[in-house]
Protein chains: 2
Amino acid sequence: MTSTLPPSFALGAAPASPLAPAPPRGPVRDVYFVSDGTGITAETLGHSVLVQFEGLHVQQHRLSFVDSLAKVQDAVLRINESISRRGLRPIVFSTLVDPAMNAHLHTANAMILDLFSSFVAPLELELGQRSTHLVGRSHNISDSENYQQRIEAINFALAHDDGQSASELARAAVILVGVSRSGKTPTSLYLAMQYGIKAANYPLIPEDFERGALPGTLAPFRHKLFGLSISPERLAEVRFERRPNSRYASLANCRYEVEQAERLMRLAGIRWLSTTTKSIEEIAVTVLQDFLEER
Amino acid sequence: MTSTLPPSFALGAAPASPLAPAPPRGPVRDVYFVSDGTGITAETLGHSVLVQFEGLHVQQHRLSFVDSLAKVQDAVLRINESISRRGLRPIVFSTLVDPAMNAHLHTANAMILDLFSSFVAPLELELGQRSTHLVGRSHNISDSENYQQRIEAINFALAHDDGQSASELARAAVILVGVSRSGKTPTSLYLAMQYGIKAANYPLIPEDFERGALPGTLAPFRHKLFGLSISPERLAEVRFERRPNSRYASLANCRYEVEQAERLMRLAGIRWLSTTTKSIEEIAVTVLQDFLEER
């Protein structure tokens, strides 16, 4: 997977799709994410750090499930090919936890940023406790209660997407409301997947605007409602992608819907945020922090 | 949000739901995730590190969008309350990038694990380049092409969930197949959300087993098919949650379906993995690494 970083890596843990690499525009440096598990932690931190370097061009390589010395040896061989190919020392973000594997990784001809040694060793001192050095712990399902909660929340979000079902709204932690394409569905799914939170979502549609009130189904749940709004201009862009040159996507219609939706939310006294310049992650964390954790 | 860590934190970036805290079972230490953005990077790394300490009980606090000196001051006040409450020095995982804000955070009475100073400073030397120290870069949407790709992939996964639509299977990067409840839907959504990959999923059902062939709709896309299987015992448990005491959930029926599904996949020559002990993240990364990136 190749990607260039200017002006910034968006999306934290989400790399440019390995299926659609962007052409590099200058000297390229290899970056390896080495992990005994999925590599998601290494990638997440790596991206957050690399995005701080404007104009940096990197080719990313995910080396996941490196959970034996033999696999570390393979990884080192691959990493060592980089410098002759690029003429630049590669950068390695590692979350290996096994001391012997880690020591072997450090023989690679690379700049190694070793996440666990950097933090686990000082934490052992602070906590007065040895760490287990057990591999592959981050994304396993041994804590099956939390895991089950996430899976249930995903099923809940799907069953209660776009007002499909009102049968179990009482079980929702939050019900997102807003006009079509304001970001409700991805936010509901992210809250479920990442935090195990049951989020339903319900569209605000022209019938609601004509009636001048939120959907009656939602009345018993007003304390759970959180609104997503969006600038009419951005909404028109997003809708145009989906249905070009439709009334649905026209700026006039988007202006009307957004204005009406905000009026209904104001009347009902529910809180909302604008998703215009926010990512799914930012919307989800805002809902979590400013709404769910405050109640 | 409170959580206990034995025997392990599952789920990497996914903390125990703040809405359903587990009761602590011993001395509790406060852990703060401080970020100028969502805090997802700090949480992801923090969890990966803390899971290495067996039996550790922590109460987690997410301090997101700490993007001004005033907010850092608030954060420091909150962190400083911990030691008198707990009698133990709190642990802070920080991804603050602004040097002045970071310096102020370091005045807190806490053990501070500062992700950016640990890695950005050495990278500046390696790359011969100053970092931008721009706050809130990780999860913003300035790289709107990647962001748009993720949103489209989520919409694609929803439209092509559970064989709902075959209209655009040609646009799928991968089509997951397997019996009901083998993990296809959450994996498709995770691939979309995290990696911007368009994943469809298609169930294998009794009609397919009787006919002894994969659904005809999938025939043109055999090279895109990847199977998810599961142990019959685990499948029966998962289905029991959904429909207790049904034929659907019976062990005999689960054995039959899994055996037949694996037979069909073998006949068609498609690869599969067992999801029995794997998390969504592990399944998704395996599909990515062993299938999508190899093609």
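Modeller: Helices and strands are DSSP runs, H or I over at least four residues for a helix and E over at least two for a strand, numbered from the N terminus. The model is predicted. In these terms, A:Gln164 sits in the loop between α5 (144-159) and β6 (174-178) of chain A.

Biologist: Why does A:Gln164 count as exposed?

Modeller: The cut-off for exposed is 12 or fewer other C-beta atoms within 10 Å. A:Gln164 has 12 C-beta neighbours inside 10 Å, so it counts as exposed. Its C-alpha is 37 Å from that of A:Leu45, and the two residues are 119 apart in sequence.

Biologist: What makes A:Phe65 partly exposed?

Modeller: Burial requires 20 or more other C-beta atoms within 10 Å, and exposure 12 or fewer. A:Phe65 has 19 within that distance, so it is partly exposed. The residue belongs to the loop between β3 (57-63) and α2 (69-86) of chain A. Its phi is near 55°, a positive value in a residue other than glycine.

Biologist: Which loop holds B:Arg181, and why is B:Arg181 called buried?

Modeller: The loop is the one between β6 and α6 of chain B. The threshold for buried is 20 or more other C-beta atoms within 10 Å. B:Arg181 has 24, so it is buried. B:Arg181 also has a positive phi, about 75°, although it is not a glycine.

Biologist: How do you know that A:Arg239 is buried?

Modeller: By the count of 20 or more: A:Arg239 has 21 other C-beta atoms within 10 Å, and is therefore buried. A:Arg239 is part of helix α8 (residues 232-242) of chain A. Apart from residues up to four places away in sequence, A:Arg239 touches A:Arg181, A:Tyr248, A:Ala249 and A:Cys254. From A:Arg239 to A:Leu96 the C-alpha distance is 44 Å, with their positions 143 residues apart in sequence.

Biologist: What makes A:Leu214 buried, and which residues does A:Leu214 contact?

Modeller: With 22 other C-beta atoms within 10 Å, set against a threshold of 20, A:Leu214 is buried. A:Leu214 is in the loop between α7 (206-211) and β8 (225-229) of chain A. Leaving out neighbours within four places in sequence, its contacts are A:Asp208, A:Leu264 and A:Ala268. The C-alpha atoms of A:Leu214 and A:Leu267 are separated by 9.2 Å, although these residues are 53 apart along the chain.

Biologist: Why are α1(A) and α1(B) called oblique?

Modeller: Their axes come within 9 Å and cross at roughly 140°. Roughly antiparallel needs an angle over 145 degrees, and roughly perpendicular covers 65 to 115. The crossing angle is in neither range, and the two helices are therefore oblique to each other. α1(A) passes α1(B) in a left-handed crossing. The contact is formed by A:Thr41, A:Thr44, A:Leu45 and A:Ser48 from α1(A), and B:Thr41, B:Thr44, B:Leu45 and B:Ser48 from α1(B). These residues divide into 2 nonpolar, 6 polar and no charged.

Biologist: What makes α6(B) and α10(B) roughly perpendicular?

Modeller: The angle between them is about 70°, with the axes 9 Å apart. The range for roughly perpendicular is 65 to 115 degrees, so the pair is roughly perpendicular. From α6(B), B:Pro186, B:Thr187, B:Tyr190, B:Leu191, B:Gln194 and B:Tyr195 meet B:Ile280, B:Glu281, B:Ile283, B:Ala284, B:Val287 and B:Leu288 of α10(B). The contact residues divide into 9 nonpolar, 2 polar and 1 charged.

Biologist: What else do the buried residues of α10(B) pack against?

Modeller: Besides α6 (184-195), they pack against β6 (174-178), β8 (225-229) and β9 (272-274) of chain B, and against α1 (40-50) of chain A. The buried residues of α10(B) include B:Ile280, B:Val285 and B:Leu288.

Biologist: Which residues touch the most other members of the largest nonpolar core?

Modeller: They are A:Ala192, A:Ala199, B:Ala192 and B:Ala199, in a core of 86 residues. Among the contacts of B:Ala199 beyond four places in sequence are B:Ala157, B:Val174, B:Leu176 and B:Leu191. A second, separate core has 64 residues, including A:Phe119 and B:Val58. In soluble globular proteins, nonpolar side chains tend to be buried together.

Biologist: How many helices and strands does chain A have, and what share of chain A is buried?

Modeller: Chain A has 10 helices and 9 strands. Of its 295 residues, 51% are buried. Among its contacts between residues at least 6 apart in sequence, 69% join residues at least 24 apart.

How values were computed:
Residues are numbered from 1 along each chain as its sequence is written. Chains are lettered from A and ligands numbered from 1 in the order in which they are written. This is a predicted model: local features need pLDDT of at least 70, side-chain atom pairs count only at pLDDT 80 or more; totals for chains, interfaces and linings use all residues. Two residues are in contact if their C-beta atoms, placed from the backbone, lie within 7 Å. Axes are lines fitted to C-alpha atoms, for helices over the stretch in contact, and angles run from 0 to 180 degrees between N-to-C directions. Angles under 35 degrees count as roughly parallel, over 145 as roughly antiparallel, 65 to 115 as roughly perpendicular and the rest as oblique. A crossing is left-handed if the near helix is turned anticlockwise from the far one by less than a right angle, and right-handed if clockwise. Ala, Val, Leu, Ile, Met, Phe, Trp, Tyr, Cys and Pro count as nonpolar, Asp, Glu, Lys and Arg as charged, and the others, Gly among them, as polar. A nonpolar core is a set of buried Ala, Val, Leu, Ile, Met, Phe, Trp, Tyr and Cys residues joined through C-beta atoms within 7 Å.
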